[in-house]
Amino acid sequence: MALVSLLSAKGSPGVTTTALLSAALWPHPAVLLDADPAGGDVVARVPAADGGVLDPDRGLLPLLTSARRGLSGAQVLEQAQVVAGGTRVVCGLAGPEQSLAAGPGWSALATAAAGLGHGDVPTDVLVDAGRVGAEAVHLDLLRAADAVVLVTRADTASVLHARERLRVLGGALRRGDGLLPRTGVVVVGDPRRRDADEAAAVLTAVGGWVEDFGRLPLDTAGARVFDGARTSWPERTALVRAGRAVVATLAAAAHGELQRGAA
Ligand SMILES: Nc1ncnc2c1ncn2[C@@H]1O[C@H](COP(=O)(O)OP(=O)(O)O)[C@@H](O)[C@H]1O
Ligand SMILES: [Mg+2]
């Protein structure tokens with residue numbers, strides 16, 4: 001199994017969209033954990049498998065609430081619901097107050113998520129970590145990850161914020177044994193322009209430990225697939241077509257070895 005955490009540095013570049021896309025295309029059994037401390041979006045954006053609404057009482061809140069007594073991988077899976085398209089999702093919190101109140105529950109959740117699938121049914125966990133800033137209460141979900149994916153747009157301001165976040169994470173994610181999660185960037189940008197490639201070059205220059213996990217096109221129709229819109233051929237959208245290569249890269253990184261060293 002593998003734990004993959006997706007985050008942004010600032011703004012709303014498309015972390016939730018990329019996380020839903022990744023979960024839909026993931027090459028192994030997987031569950032998506034909506035762990036944005038600002039509040040989860042998935043419950044409002046995606047219908048249940050039967051077309052109805054997802055149960056808002058199932059998800060992260062009962063997990064974090066009971067986490068002080070310890071948490072098992074099986075408990076995490078019990079809170080998952082199947083959404084349209086077949087992805088299993090653990091829905092997120094109502095807002096930042098709930099995430100602050102969870103306190104050490106985040107740490108127990110990270111341990112349970114990282115250990116998930118060591119039992120009978122190997123299950124990868126994809127985490128929508130939302131925006132990660134200095135005050136991040138859920139940093140353990142990144143520290144415990146096999147792969148950390150920073151999603152960014154290609155404009156100058158976004159790239160500068162992403163670069164600063166990577167610098168900080170290089171220190172913050174290093175474990176006692178000196179190992180780091182595989183860490184890299186996915187740049188969302190206009191495929192006809194060079195700025196997404198230039199953004200990736202700037203970000204990988206932060207250090208040899210920052211990888212280029214690929215590009216996703218700006219594609220409104222494709223993004224709407226992960227925003228509850230009914231689309232007859234989602235697999236034909238530019239986003240899903242480009243997503244296959246990105247997701248294959250992420251899965252390979254997450255199932256590879258951890259890396260040594262950082263800034
Ligand atoms: N690749 C993309 N192309 C076009 N629009 C996108 C793309 N990814 C996300 N969006 C749109 O941008 C907005 C924010 O996306 P979201 O995934 O919620 O971002 P975040 O989780 O980073 O806040 C949404 O309206 C979404 O549909
Ligand atoms: Mg989001």
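**Notebook: D128, the ligand shell and the salt bridges**

I began with D128, which is buried but has no salt bridge, the nearest side chain of opposite charge being that of R45 at 7.0 Å. I note at the outset that this is a predicted model, and I read each distance below with that in mind. For the pairing to count, a side-chain nitrogen of Arg would have to lie within 4 Å of a carboxyl oxygen of Asp, and the 7.0 Å to R45 therefore leaves D128 without such a partner.

Which contacts does the side chain of D128 make? I placed D128 in strand β5, which covers residues 124-131, and then looked for polar partners. The side chain of T16 makes a polar contact with the side chain of D128 at 2.6 Å, and a polar atom of the D128 side chain lies 3.0 Å from the backbone nitrogen of G130.

T16 led me to helix α1, where I checked the cover residue by residue. I found α1 mostly covered, with 10 of its 11 residues buried, and T16 is among the buried ones, as are V15, T17 and T18.

Next I turned to ligand 1. Of the 16 residues around ligand 1, those that come nearest are S12, V15, T17, R45 and D219, so that R45, the side chain I had noted as the nearest of opposite charge to D128, appears here again. I then listed the polar approaches to the ligand. An oxygen atom of ligand 1 is 2.3 Å from an N or O atom in the side chain of S12, and another entry in my list puts an oxygen atom of ligand 1 at 2.6 Å from an N or O atom in the side chain of T17. At P13 the approach is to the backbone, with an oxygen atom of ligand 1 at 3.3 Å from a polar backbone atom. Taken alone, ligand 1 exposes 560 Å², and the protein buries 79% of that.

Where does the shell around ligand 1 come from? Helices α1 (15-25) and α10 (220-225) are the elements that give two or more residues to the shell, and α1 supplies the largest share, three residues. Sorted by class, the shell holds seven nonpolar, five polar and four charged residues.

I closed with the salt bridges, of which the count comes to 10. Side chains of opposite charge can pair when their charged atoms come close, and I looked up three examples.

The side chains of E211 and R182 meet in a salt bridge at 2.5 Å, N to O. Because E211 lies in strand β9 (residues 210-217) and R182 in strand β8 (residues 182-189), the pair ties together parts that are 29 residues apart in sequence. Both E211 and R182 are buried.

R143 and D140 form a salt bridge in which N and O are 2.7 Å apart. The two residues are three apart in helix α7 (residues 139-143), and R143 and D140 are therefore separated by about one helical turn. R143, at 29% relative accessibility, counts as partly exposed, and D140, with a relative accessible area of 25%, is also partly exposed.

The last pair I examined was R215 and D212, whose closest N and O atoms are 2.9 Å apart in a salt bridge. Salt bridges that share partners join D197, D212 and R215 into one network. R215 counts as partly exposed at 26% relative accessibility, and D212 is partly exposed with a relative accessible area of 36%.

Note on methods
Residues are numbered from 1 along each chain as its sequence is written. Chains are lettered from A and ligands numbered from 1 in the order in which they are written. This is a predicted model: local features need pLDDT of at least 70, side-chain atom pairs count only at pLDDT 80 or more; totals for chains, interfaces and linings use all residues. Side-chain values use heavy atoms; hydrogens and water are left out. A residue is near a molecule or strand if one of its heavy atoms lies within 4 Å of it. A polar contact is a pair of N or O atoms within 3.5 Å; within protein, one must be able to donate a hydrogen and the other to accept it, and residues adjacent in sequence count only if both atoms are side-chain atoms. Accessible areas come from the Shrake-Rupley method with a 1.4 Å probe; for residues, only the protein chains shown count as cover. Helices (H or I, at least four residues) and strands (E, at least two) are DSSP runs, numbered from the N terminus. Ala, Val, Leu, Ile, Met, Phe, Trp, Tyr, Cys and Pro count as nonpolar, Asp, Glu, Lys and Arg as charged, and the others, Gly among them, as polar. Buried means under 20% relative accessible area, exposed over 50%, partly exposed in between (1.4 Å probe, protein chains only). Lys and Arg count as positive and Asp and Glu as negative; His and the chain ends are not counted.
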